[in-house]
Every structure is written in C-alpha cells, then in structure tokens.
Amino acid sequence: MKRIVTLLLAAGLVFGAFGGAQAADIKAKGQWDFNFEFLNNTDFQSKEHGGKGGDTFAGKQRLRTQIDIVASESLSGTVYFEMGDTIWGKDDGALGADGKSVEVKRSYIDWIVPNTDLKVRMGIQGLALPGGVAGSPVMDDDVAAITMSYAFNDMVSATAFWARPYDTAAKDNNQDTSSYNSFDEVDIFGLAVPVTLDGFKVTPYGAYASAGKDVSPAGDNYNGASRGAFLSGMQSISQSAGVIDTKTSAFDAWWGGVAFEMSKFDPFSLKADFSYGAKSGDEDFAERSGWLLSAKAAYKLGMVTPGLFAWYGSGEDDDLANGSERMPSVSPQSWAPTSFGFPGSVYYDDTNFGLNGAGSWALGLELADISFIENLSHVFRVAYMKGTNDADLMKKTANGKTVAEVMAPTQGGVFLTDEDSAWEVNFDTTYKIYENLSLVAEMGYIKLDLDEDTWGSATADTSDAKKLAFYFIYEF
C-alpha cells in the first residue's frame with residue numbers, strides 16, 4: 001500500500017510540474033550563419049615589415065537561438081544562446097568536432113510594474129545609447145543591466161538604466177594577496193527621452209560612468225576583449241600610446257548627445273547625431289574629452305536610394321601632457337557607416353579601421369536598395385577619410401618611445417593624423433534564395449595613405465586591405 005501511495009505521489013509531482021511548465025508559452029527564433037571569406041592585409045602592414053600579407057581563407061559558422069518564455073503580456077523571460085563562432089578546421093570545428101562553444105549571450109526578464117505602464121528589463125541584455133545615423137558611437141553591447149521604460153503619451157517616452165559592465169575583483173596589493181577590495185567596479189547610469197512628432201524624432205540622452213580606483217587591467221572574471229575596448233576608449237592618448245604611466249586610478253566619465261531623424265518630406269530623409277563625452281583623471285594627462293558629429297541625407301527613388309553621409313570627430317593636439325581631445329567611449333560595437341572598416345558587415349568581417357569616427361572626418365556616397373531583379377538587392381558605398389589628430393604629436397618622445405612607434409595601424413585600429421587619409425569602397429549584395437534563407441556577398445577595399453615624414457618609411461609602407469566574403473543566413 002505504501003508503494004502504491006508513493007508511486008501516486010511521484011506521478012502527481014511529475015504531472016504537476018508538467019502542468020506548471022505549460023502555463024508559459026515557449027517561443028524560439030534565431031539564425032544560422034555560414035561564412036566563407038577571403039581577407040587580405042587587414043592590418044595594413046606589408047609582409048616585408050611584419051604584416052600578415054597574402055590572402056587568408058576561412059570557413060566559419062555560428063548559431064544564435066533566442067528562446068522566449070512568455071507567462072503573460074506583463075511577464076516574460078528571454079535567454080539567447082550563441083554556438084560559435086566556429087572556424088572550420090580549428091578547435092571545435094576540427095575533425096571530430098564535439099567542441100564546447102555554447103555561450104549565453106543574453107539572459108533577462110521583462111515585466112511591467114503592477115497597475116502601471118512602467119516596463120522593466122533586468123539581466124544580461126543588449127544595451128545601446130541612441131544613434132540615428134549609424135548606431136551609437138558611445139555604447140552598444142551586451143551588458144548586465146536594469147532598464148526601465150515609460151511612455152508618457154504617444155509623443156514622449158523615457159528610458160533609464162543602470163549597467164554593471166565590470167566587477168573585476170582586483171587583488172589589493174596593500175593587503176594579503178588572497179583578499180579582495182571593494183573599489184573594483186564600473187557602473188554606468190543613463191537616461192534617454194525620445195520625442196516623436198509628425199515626421200520628426202528627437203532623442204536627447206545622457207550617461208554617467210563611475211570606475212573604482214582598483215579596477216584591474218588584468219582580472220579574470222570579465223570578457224577580455226570588451227575590457228580592452230573599454231580601457232582604450234577611456235585612456236588618454238598618452239596612456240593608450242604607452243608613453244606615460246598607465247596606473248589605474250578612480251575616474252568618472254559622462255556623455256551627452258542628441259539623435260535626430262526626419263522623414264517629414266518623404267522620400268527625402270535626414271538623420272544626424274551629436275555626442276560629447278569627457279573623462280576625469282588625477283593628472284591632466286589622464287583626462288579625455290571630445291565630440292563627434294555625423295549626418296546622413298538620402299532620397300528614395302524607384303530602384304535605388306542615393307545618399308550622402310559624413311562625420312567629424314575632434315582630434316588630438318600635439319601636447320601629451322594635457323590629456324586627450326578625442327571623445328571617450330564604452331563599447332560602440334555597432335557604429336556602422338561602412339561594412340569593412342567599421343562594424344557594418346553581417347558577420348564580423350569588418351571593424352578593420354575602428355569602432356567610431358573619433359579623431360577623423362569623412363565624406364561618403366551611398367547607393368542603397370539597388371534592385372533590378374526580384375529578391376536581389378545591392379548596396380554601394382565609397383568614403384574618403386582623413387584624420388583630425390595633429391601629426392606633430394607622433395614625433396613626441398617619452399619613456400624611450402615615440403608615439404608613432406606604438407600607435408602604428410593594426411587590425412581593428414587606425415590612428416589618422418591630419419597628414420593621413422584613407423579610401424574605403426563597399427559593394428554588398430543580398431539574394432533571397434527562400435523566404436528564410438539569404439545569400440550575402442560582401443566586397444570591401446581600403447586604401448590607407450600614411451605620411452612618411454610623420455610615421456617613418458617602414459610604417460608608411462602600407463598595403464591595401466581587401467575582402468571578399470560570402471554568407472548563407474538561415475533565419476527561423
């Protein structure tokens with residue numbers, strides 16, 4: 001009898017759990033990306049001077065799956081898995097496979113405060129400051145955060161957030177090496193107020209970041225690549241160049257800006273962004289402040305949308321001791337005026353020039369939505385870029401180094417002076433094989449022209465960067 005009762009209780013628990021699970025609707029969506037790429041000289045350095053040189057070919061794949069667990073209109077949860085990037089023939093993409101490449105990209109819940117219209121999202125989520133032209137030049141990345149959004153009416157709403165990008169748990173050298181201090185966190189607070197009118201949208205915003213004095217440059221419990229982007233975006237030119245002591249100290253940073261979009265005179269459209277940022281420092285050389293202005297005008301025709309885009313970012317002067325005159329940033333991973341030099345590619349075959357336009361100006365032409373055949377479209381871009389940084393700065397010397405020695409171009413970062421320039425050309429094509437399957441072909445070219453008197457003959461002997469990439473994208 002006891003066995004029967006026990007079995008009945010166990011069955012009740014199983015069916016009860018199953019019934020509880022069915023109280024929420026589970027929805028899944030995502031995409032498979034397959035990439036076959038030819039890249040050439042993405043570090044811009046000739047093989048004779050230590051560059052990669054030659055062609056490189058690689059096959060890659062990635063799966064991103066988003067699962068939404070919806071209890072009601074007022075409560076839901078989302079987990080976003082990423083499997084890859086898997087390079088064919090390497091690690092988990094090598095013979096035998098069975099690698100460990102599953103990552104939790106995002107994990108958060110959405111809920112509405114009872115009896116109000118206040119929406120709350122908490123957890124690891126995608127968080128971006130406003131950007132109308134090409135995305136945010138200040139911050140756009142995944143981060144642990146709490147965001148709150150409220151619509152006052154059909155025209156005015158507001159979004160506020162607190163994000164914790166780093167808690168580095170740096171070891172305090174003044175204490176026992178097994179102990180940890182409490183000044184090793186970075187917190188960011190922000191507010192955006194979108195105002196939508198008839199044919200216009202204006203979004204002013206502000207953000208404030210606080211970093212403790214013991215935020216470690218070599219901790220082990222954060223994403224190293226993101227930390228690197230954060231530190232390089234905050235350090236002065238003296239610190240970034242490694243010619244002045246880079247000892248970490250407490251600092252504050254703040255940003256203010258506005259994103260503007262106009263569609264009132266459709267088919268003509270105009271977008272513009274202005275951002276200003278500043279970062280404090282214990283010494284003048286550690287301070288940083290600057291601004292970035294960008295704009296894009298377009299006119300939609302029947303089979304093509306021609307447009308002009310431009311940006312201008314404040315640049316460095318020739319004094320190492322007075323800090324940096326370029327705008328600081330957190331992690332602008334999606335500022336995408338182009339698809340090779342900046343983050344505009346569908347699968348990360350980009351960012352070979354930089355993350356935003358700080359320290360440079362540019363003028364570009366874009367022909368978008370080119371379509372003469374059903375399910376086939378193209379985008380063509382050409383951009384001319386020039387630096388706003390004083391060339392005389394590169395000849396400054398400290399600690400036995402010149403700035404030019406340590407600021408030479410690398411893959412993902414080019415420092416342009418007012419004596420340097422670059423051209424970028426993109427031609428990208430999308431073909432819809434099926435409703436859910438697309439073939440994308442991207443061609444990119446960057447011609448970098450560095451001044452020999454500024455950089456020296458070896459560094460100025462650059463090689464053109466080239467890209468030919470094919471992507472198969474299955475969305476479900």
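Biologist: In which loop is the place of Phe-44?

Modeller: This is a predicted model. In it, Phe-44 belongs to none of the strands that flank it, since its place is in a loop. That loop runs between strand 1 and strand 2 (55-72).

Biologist: Is Phe-44 buried or exposed?

Modeller: Phe-44 has a relative accessible area of 0%. Buried means under 20%. On that cut-off, Phe-44 is buried.

Biologist: What is the phi of Phe-44?

Modeller: Phe-44 is not a glycine. Its phi is positive all the same. The value is about 65°.

Biologist: Which residues do ring pairs link into a cluster with Phe-44?

Modeller: The ring of Phe-44 takes part in a cluster held together by ring pairs. Its other members are Trp-311, Trp-335, Phe-342 and Phe-353.

Biologist: How many aromatic pairs does the structure hold, and what is the arrangement of Tyr-347 and Tyr-348?

Modeller: The structure holds 19 aromatic pairs. In the pair of Tyr-347 and Tyr-348, the ring centres are 6.5 Å apart and the planes stand at 65°. Planes over 60 degrees apart count as edge-to-face. The pair of Tyr-347 and Tyr-348 is therefore edge-to-face.

Biologist: Which of these, buried or partly exposed, describes Tyr-347, and which describes Tyr-348?

Modeller: Tyr-347 has a relative accessible area of 3%, so it is buried. Tyr-348 reaches 48% relative accessibility and so counts as partly exposed. In short, Tyr-347 is buried and Tyr-348 is partly exposed.

Biologist: Where do Tyr-384 and Trp-423 lie in the chain, and how many residues apart are they?

Modeller: Tyr-384 and Trp-423 form a tilted aromatic pair, 5.0 Å centre to centre with 55° between the planes. Tyr-384 is partly exposed at 24% relative accessible area, and Trp-423 is partly exposed at 43%. The pair links distant parts of the chain, with Tyr-384 in strand 17 (residues 376-387) and Trp-423 in strand 20 (residues 421-432). Along the chain they are 39 residues apart.

Biologist: The charged end of which residue sits over the ring of Tyr-347?

Modeller: A charge sits over a ring when, among other conditions, it is within 6 Å of the ring centre. The charged end over Tyr-347 is 4.4 Å from the centre of the ring. It belongs to Arg-62.

Biologist: What lies over the face of Phe-251?

Modeller: Phe-251 also has a residue over the face of its ring. The distance from the ring centre is 5.0 Å. The residue is Lys-279.

Biologist: Which strands do bridges join to strand 22?

Modeller: Strand 22 (residues 465-475) runs antiparallel to strand 1 (residues 25-40), with 10 bridges between them. One of the bridge partners there is Phe-470, which faces Phe-36 in the bridge list. Another 10 bridges join strand 22 to strand 21 (residues 437-449), again antiparallel, and Ile-446 has Ala-465 as its bridge partner. The strands joined to strand 22 thus include strand 1 and strand 21.

Biologist: Which residues does Phe-81 touch beyond four places away in sequence?

Modeller: Phe-81 has its place in strand 3 (residues 75-87) and is partly exposed, with a relative accessible area of 24%. Its C-alpha atom is 8.7 Å from that of Ser-107, 26 residues apart along the chain. The residues Phe-81 touches are Leu-63, Arg-64, Thr-65, Ile-67, Val-102, Glu-103 and Val-104.

Biologist: Where is the cis peptide bond that involves Pro-267?

Modeller: Pro-267 lies in the loop between strand 11 (251-262) and strand 12 (268-279). Omega of the cis bond is about 20°. The bond joins Asp-266 and Pro-267.

Biologist: How many contacts does the stretch of residues 170-179 have beyond near neighbours in sequence?

Modeller: The protein chain averages a pLDDT of 87, and 86% of the residues score at least 70. Over residues 1-21 the pLDDT is below 50, and that stretch has 0 contacts beyond near neighbours in sequence. Residues 170-179 also have a pLDDT below 50, but their number of such contacts in the model is 11.

Biologist: Why should low-pLDDT parts be treated with care?

Modeller: Where pLDDT is low, the predicted coordinates should not be read in detail. Residues 1-21 are one stretch with pLDDT below 50. Another is residues 170-179.

Definitions and conventions:
Residues are numbered from 1 along each chain as its sequence is written. This is a predicted model: local features need pLDDT of at least 70, side-chain atom pairs count only at pLDDT 80 or more; totals for chains, interfaces and linings use all residues. Side-chain values use heavy atoms; hydrogens and water are left out. Rings of Phe, Tyr and Trp (its six-membered ring) pair if their centres lie within 6.5 Å; planes under 30 degrees apart count as stacked, over 60 as edge-to-face and the rest as tilted. Buried means under 20% relative accessible area, exposed over 50%, partly exposed in between (1.4 Å probe, protein chains only). Helices (H or I, at least four residues) and strands (E, at least two) are DSSP runs, numbered from the N terminus. A charge sits over a ring if NZ of Lys or CZ of Arg is within 6 Å of the ring centre and within 35 degrees of the ring normal. Two strands pair if DSSP finds at least two bridges between them. Contact means heavy atoms within 4.5 Å. pLDDT is the predictor's confidence in each residue, from 0 to 100.
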